[in-house]
Amino acid sequence: MPAGDHTRLMNMFMGLCAGTPQWPSIFLELGYSIRLVEPVISTDTAQKVNPDVVAASETHSHAIVAECKSGKNIDARQDKKYLELDPKHLAHHVKVRLGDKLRHACCYVDTADNHGRLAPHTSLPFITFGRQSVQGRGSFGLAQLDEKLSAATTLQDALEPSGLYPFAPDEDDYKAAPHVLAGLVTYLANGIGETGFRITDREVHKEILELAHPYHTLMHSRHRTRLVGKIGAVIGMLLDGDEELREQAARLEQGADPSAAHNTREACGRLLEEYWKREETGNLPR
Amino acid sequence: MRAGSVTVGSRLPRVGTRTELVDALEDMIVQRENVDGGHPPGGALRGLKTYVLESDRDFPRRFGSSCMQCEVEDTGLDAVKILRARRCGAATEFFLDMEDRRFPLLHTNGRSGDTDGIVGELAGDDFHTFDNIWLHSAMLERLARMPGNSSVGLGAPRRGGLLQAEGGNGAAAGGQDQGAADAGPRADAAARGGARIARGSGADPRGFVQDDVRSNGRFAVRRGESVREHLRLIDMCRKEYAGAVAAVEKRRIGVDKRDGVMRVVGGQFDFQFGRSIEDLDAFISWMFSSTPPFMMWGTKFAIRENYFGVIAADLHAGARMHFDIAPDLMRVYLYMRGCGNTVLRLLTNLQLHHDAGTTCRQIG
C-alpha cells in the first residue's frame, strides 16, 4: 500500500529541509526549516491561499511557499493568488522575526513525468523530482538557492523519506488505514490499565492524529479537522466491515481489559493482512 | 549474620534505613552458589543480582498477567518496596528501589532461572509499564572503561571473558552473529550479550566485586562481596544510560515552541548494518511481530524495489513510529511522544540478534 503520489511528493520535499540520510538536504544547508504544513494564508484581497509547505531560512531572510502537484493540472485561480501573496502576509504566519526584510518565492513541486503538462500554465518556478535527480526550474528569489537548484542533484542511490508526512485528508481510505490502525494499536498500548473508551469517539481520533502526524501542530486547524475526520471515517469503515473488531471495541468500552486490547491488536493485524491480499489481487475500492 | 538477615528462600526484611538495605544486600552477596563452577544446569545461579528497569509509570500495588501475579509491599523506606512475584507456582521476592523513578532497581538472590523469567515477564507483558534498559556494545565498552572499573576480557571474547549470548531467533532474519568475530571487539561484545566488569581491590573480597553485566541491564555478582562497589557500578551505568535516553529524546521528530515561534525539531536515527540484509521481507516480518525483544507492531509498504516504509507502533512505550528500511540502512523516526528507551532497545537487540556490526550514527 504505497502512499499516494501527493503524500510522496510532500515527503520528498520535506526531506530536502530535514537532513535525512541518503537524501539531499538542499534547503537545510541554506538554513531553511519547515515552518508551516498545510496552512491557510490570507492576502490583502481577502483571498486565501492553501500551500502545502512553507519553509523559511532566518539566515537568508527568505521563505519558500511550496505546493506539491501530483496531478497534471494547475489551478489558475490558486496560481493567481500565489502571485498576489506578499511577504507581510507570510511573516505573520511564519513568525520569522525578520520584519520587512523577509522575501519569499512561491513554487510548485512536481515530478518529471508531469512537468511538461504543468509548466506551460504558470510563471512560478518548479522543483522537479525525476528518477535520477532533483532540479529547480525558474528563479526562487535567492541567488544561493538558485545556484543550488539550477544544477541537477543526483538521486542515484538516494532513499526517499516516507515518515515525515504520513497521510493526507484526501488520501484513499485504504491507504490511510494502516496509519489509523497503527495509531489505534498505539492508543491501546497507552490506554491499558485506564478506564474504558470508545474507539469511535472524536477525542480518540484526535489522539491518534497527534500520535501519527509529527507536524500536526504546524497545520491549520481546518486541515487538522479534516485529518481527524479522515481517521473517524477509516475507523468507521473498519468497524463496518469486521465483526471481530466490533466485538472487541465493545469490550474496550467496558473498562480496562488487556485481553480485549490484545485481541483488538490482533484484529488490526489481520485487517491489514486482508488489505494487503486485496491490494495484491486488485480487489480494493479505488 | 545479623538479626532479620536474608537467607535463601526467606522473606526479605522490611528495611527501615538505607544501611539496613545494604546489610540485606550483603547477606545476599555472600550466599552465592556455584560461582567457580559457572552456571549449573537449569540456570540456577544464586547470589545478588540487580536488574535495572525503565519505567514511565509508578508500580501499581497489584498487577499481573495470566501466568504471573505481583504484589508490592511497603518497607520503612518510602522509595524502597518489596515486590513479590508468583510465577509458575514459585514465589520470589525483590527489593524494589525506586529512588530513581525512571530507572528503578530490582535486587534479589533468587535463582536466576526464576528471576530472569519474572523480569522478562515484567518487561514483556500487556501492561507495558516496564522495560529493561538496553546496553548496546559501545555503552558496555564505555562502562567497562570508566574510572575504577576494569573489564575482564572485553574485546577478547575467545578467552571466556564475555558472557554467552541470550537466546534469540535472529536466524530467521537471514543469519547473524557469524560476522561477529570479524566485526571487531565491540561487535563481538554485543553479540555475546554483555561484559564482565570488576571494581575495587581484589585482595580482600569485601573490597571488590566482579559483575556479569548483561545487555538487558542485569548485574549479577560473580565474585567479591562489596555491595558498595556493586551499587556504584550500577549507579554509573544508570547515569550513563539516563544521558543516552535524554539525548535520544532530544532528537524526537516534532514541533517545539520557543520565543513564540514554532519550529520543526529532531531528526531520524540512521542505523547502518554491518552486512546487507538479504531478505528484507523476512527481516521486517521478524522485527515487527509484536513480540520481545523488539515489541514492535508494524506493516510495511514498498517504496521501490528492495526499499520499504514501515508504519509501526512501539507496544512497550505506546508510541507511533515509522521506519524506512533498505538492505544497508534503516531510518528510524521517533515522533515527539516516543520514548528514548525504544531506540536503544532497537540498537541493542539488532546487535544481539541480527548483526553485531549494527551501528547508529546518532548514538555513540
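Buried here means under 20% relative accessible area. Keep that cut-off at hand for the exercises below, which all use a predicted model.

**Exercise 1. A covered strand**

Task: Work out how many residues of β4(A) are buried, and which of them lie on each side.

Solution.
- Step 1: Start with the count. Five of the five residues of β4(A) are buried, so the strand is mostly covered under the cut-off of 20%.
- Step 2: Now sort them by side. In general, side chains in a regular strand alternate between the two faces of the sheet. In β4(A), A:V53, A:A55 and A:S57 are on one side, with A:V54 and A:A56 on the other.
- Step 3: Put the two together: both faces of β4(A) are covered.

**Exercise 2. The partners of β4(A)**

Task: Find which strands pair with β4(A) in the antiparallel sense, and place them in their sheet.

Solution.
- Step 1: β1(A) pairs with β4(A) in the antiparallel sense over five bridges. Across this pairing, A:V37 stands opposite A:V53.
- Step 2: β5(A) also pairs with β4(A) in the antiparallel sense, over five bridges. Here A:A56 has A:A63 as its bridge partner.
- Step 3: Look at the turn. The hairpin of β4(A) and β5(A) has four residues between the strands, and A:S61 takes a positive phi near 50° there.
- Step 4: Zoom out. The open sheet has seven strands in the order β1-β4-β5-β6-β7-β8-β9 of chain A, with mixed pairing. Its edge strands are β1 and β9 of chain A, each pairing on one side only.

**Exercise 3. Helices on the sheet**

Task: Describe how β7 and β8 of chain A pair, and how helices α1 and α5 of chain A lie relative to the sheet.

Solution.
- Step 1: β7 (residues 126–129) and β8 (residues 133–137) of chain A pair in the antiparallel sense over four bridges. A:F126 has A:R137 as its bridge partner.
- Step 2: Helix α5 (residues 143–150) of chain A packs on the sheet and touches β1, β5, β7, β8 and β9 of chain A. Its direction makes about 135° with that of β8(A).
- Step 3: Helix α1 (residues 5–16) of chain A lies across β1, β4, β5, β6 and β7 of chain A, at about 110° to β7(A).

**Exercise 4. Backbone exceptions**

Task: Locate the residues A:E38 and B:S290, say whether each is buried or exposed, and then find a cis peptide bond in chain B.

Solution.
- Step 1: Recall the usual pattern. Most residues other than glycine have a negative phi, and most peptide bonds are trans.
- Step 2: A:E38 has a positive phi of about 50° and sits in the loop between β1 and β2 of chain A. Because its relative accessibility is 11%, A:E38 counts as buried.
- Step 3: B:S290 has a positive phi of about 65° and lies in the loop between α6 and β15 of chain B. Its relative accessibility is 18%, so B:S290 counts as buried.
- Step 4: The peptide bond from B:P292 to B:P293 is cis, with omega near 5°. B:P293 is also in the loop between α6 and β15 of chain B.

**Exercise 5. A histidine in a helix**

Task: Place A:H93 and list what it touches beyond its sequence neighbours.

Solution.
- Step 1: A:H93 is in helix α3 (residues 87–94) of chain A.
- Step 2: A:H93 has a relative accessible area of 25%, so it is partly exposed.
- Step 3: Leaving out residues up to four places away in sequence, A:H93 touches A:L36, A:V40, A:I41 and A:S42.
- Step 4: For a link back to β4(A), the C-alpha atoms of A:H93 and A:V54 are separated by 9.6 Å, although the residues are 39 apart along the chain.

**Exercise 6. Where the chains meet**

Task: Describe the contact between chain A and chain B, and find how many salt bridges cross it.

Solution.
- Step 1: The contact takes 49 residues from chain A and 42 residues from chain B.
- Step 2: About 3900 Å² is buried between the chains, with 56% from carbon and sulfur atoms. In chain A, A:P21, A:L159 and A:R265 lose the most area to chain B, together 15% of what that side buries.
- Step 3: Three salt bridges cross the interface. A:E58 forms a salt bridge with B:R263, with the closest N and O atoms 3.3 Å apart.

Definitions and conventions: Residues are numbered from 1 along each chain as its sequence is written. Chains are lettered from A and ligands numbered from 1 in the order in which they are written. This is a predicted model: local features need pLDDT of at least 70, side-chain atom pairs count only at pLDDT 80 or more; totals for chains, interfaces and linings use all residues. Side-chain values use heavy atoms; hydrogens and water are left out. Buried means under 20% relative accessible area, exposed over 50%, partly exposed in between (1.4 Å probe, protein chains only). Two strands pair if DSSP finds at least two bridges between them. Contact means heavy atoms within 4.5 Å. Axes are lines fitted to C-alpha atoms, for helices over the stretch in contact, and angles run from 0 to 180 degrees between N-to-C directions. Buried area is the accessible area (1.4 Å probe) that two parts lose on being put together, summed over both. A salt bridge is a side-chain nitrogen of Lys or Arg within 4 Å of a carboxyl oxygen of Asp or Glu.
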